[in-house]
Amino acid sequence: MASSSVISHISCCSTYSILSRRGSKASTGLRLRLGIRAETMATEKLGIKVERNPPETKLAKLGVKSWPKWGCPPSKFPWTYTAKETCYLLEGKVKVFPEGHGDEFVEIQAGDLVEFPKGMSCTWDVSVAVDKHYNFE
């Protein structure tokens with residue numbers, strides 16, 4: 001009888017187990033596990049670049065863990081960037097409203113690597129307390 005490969009299991013982590021079947025008798029001949037990670041993609045909106053869940057290798061290359069830390073409780077305040085800032089949010093959720101864009105905002109949260117351009121004025125609306133690493137250039 002001809003053999004056929006059957007995908008027997010797909011988990012939420014995108015791991016696949018492939019079993020070999022011969023007729024009605026199943027055997028665990030080949031078991032192949034493929035760890036598939038979605039590519040992270042940086043997006044830019046209203047002048048703010050956001051990369052969701054960047055790989056640890058990128059964070060290590062940037063030296064994020066050696067950057068200073070800053071945090072704040074839920075609050076709302078104006079801010080102007082006098083230099084380009086790159087930050088990595090460890091905790092928190094924020095809506096950033098860049099000046100001159102009306103009610104449009106960019107939402108950032110834990111796990112985001114974010115870049116704010118020099119000269120940007122905005123309002124931070126922090127709904128969940130922030131803890132972040134940051135670096136000014």
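Visitor: In this predicted model, is His133 buried or exposed?

Guide: The residue belongs to strand E11, and the model in which it is described is a predicted one. The relative accessible area of His133 is 9%, and because anything under 20% falls in the lowest of the three classes, His133 is classed as buried.

Visitor: Which residue offers the backbone oxygen that the side chain of His133 reaches?

Guide: Leaving aside residues up to four places away in sequence, His133 touches a set of residues that includes Lys65, Trp67, Pro68 and Lys69, as well as Thr86, Cys87, Tyr88 and Leu90. Within 3.5 Å, a pair of suitable N or O atoms is counted as a polar contact, and the side chain of His133 comes to 3.4 Å from a backbone oxygen. The residue that carries this backbone oxygen, and that is also among the residues His133 touches, is Val64.

Visitor: How far apart in sequence are the partners in the salt bridge of Lys69, a residue that His133 also touches?

Guide: Lys69, with 49% relative accessibility, counts as partly exposed, and its side chain meets that of Asp131 in a salt bridge with an N to O distance of 3.2 Å. The pair links distant parts of the chain, since Lys69 is in strand E6 (residues 69–72) while Asp131 is in strand E11 (residues 121–136), and their separation is 62 residues.

Visitor: How many salt bridges does a search of the whole structure find?

Guide: The pair of Lys69 and Asp131 is a salt bridge, and so is the pair of Glu115 and Lys84. When the whole structure is searched, the number of salt bridges found is seven.

Visitor: What distance separates the closest N and O atoms of Glu115 and Lys84?

Guide: Glu115 lies in strand E10 (residues 112–116) and Lys84 in the loop between strand E7 (75–80) and strand E8 (85–98), so that the pair links distant parts of the chain, 31 residues apart. Both residues are partly exposed, Glu115 at 24% relative accessibility and Lys84 at 27%. The two form a salt bridge in which the closest N and O atoms are separated by 3.7 Å.

Visitor: Which residues are joined into one network by salt bridges that share partners?

Guide: Besides its salt bridge with Glu115, Lys84 has a side chain that meets that of Glu137 in a salt bridge of 3.6 Å, N to O. Glu137 lies in the segment after E11 and Lys84 in the loop between E7 and E8, so this pair ties together parts 53 residues apart in sequence. Glu137 itself is exposed, with a relative accessible area of 57%. Through shared partners, the salt bridges form one network of Lys49, Lys84, Glu115 and Glu137.

Visitor: Which element gives the largest share of the lining of the largest pocket?

Guide: The largest pocket, with a volume of about 180 Å³, has among its lining residues Lys49, Glu115 and Glu137, which are also members of the salt-bridge network. By class, the lining has five nonpolar, two polar and five charged residues. The elements that give two or more residues to it are E5, H1 and E10, and the largest share, three residues, comes from E10.

Visitor: What is the C-alpha to C-alpha distance between Val96 and Asp125?

Guide: Val96 lies in strand E8 and counts as buried, at 1% relative accessibility. The residues it touches include Ile48, Phe105, Ile108, Phe116 and Trp124, with residues up to four places away in sequence not counted. Although Val96 and Asp125 are 29 residues apart in sequence, their C-alpha atoms are separated in space by 6.3 Å.

Visitor: What is the approximate phi of Leu46?

Guide: Most residues other than glycine have a negative phi. Leu46 has a positive value and is placed in the loop between strand E4 (42–45) and strand E5 (48–52), where it counts as buried at 18% relative accessibility. The phi of Leu46 is near 55 degrees.

Visitor: Where is Asn53, which has a positive phi although it is not a glycine, found?

Guide: The phi of Asn53 is about 45 degrees. At 47% relative accessibility, Asn53 counts as partly exposed, whereas Leu46 counts as buried. Asn53 is found in the loop between E5 and helix H1 (56–62).

Technical notes: Residues numbered from 1 in each chain as written. Predicted model: local features only at pLDDT ≥ 70, side-chain atom pairs only at ≥ 80, totals over all residues. Heavy atoms only, no water. Helix = DSSP H or I, 4+ residues; strand = E, 2+ residues; numbered from the N terminus. Buried < 20%, exposed > 50% of the residue type's maximum accessible area, 1.4 Å probe, protein only. Salt bridge = Lys/Arg side-chain N within 4 Å of Asp/Glu carboxyl O. Polar contact = N/O pair within 3.5 Å; in protein donor to acceptor, adjacent residues only side chain to side chain. Contact = heavy atoms within 4.5 Å. 1 Å grid on protein atoms, 1.4 Å probe; cavity = no way out; pocket = protein on both sides within 12 Å on 5 of 7 lines; lining within 4 Å. Points joined across faces, edges and corners; volume = space filled by probe spheres on them. Nonpolar A, V, L, I, M, F, W, Y, C, P; charged D, E, K, R; others polar.
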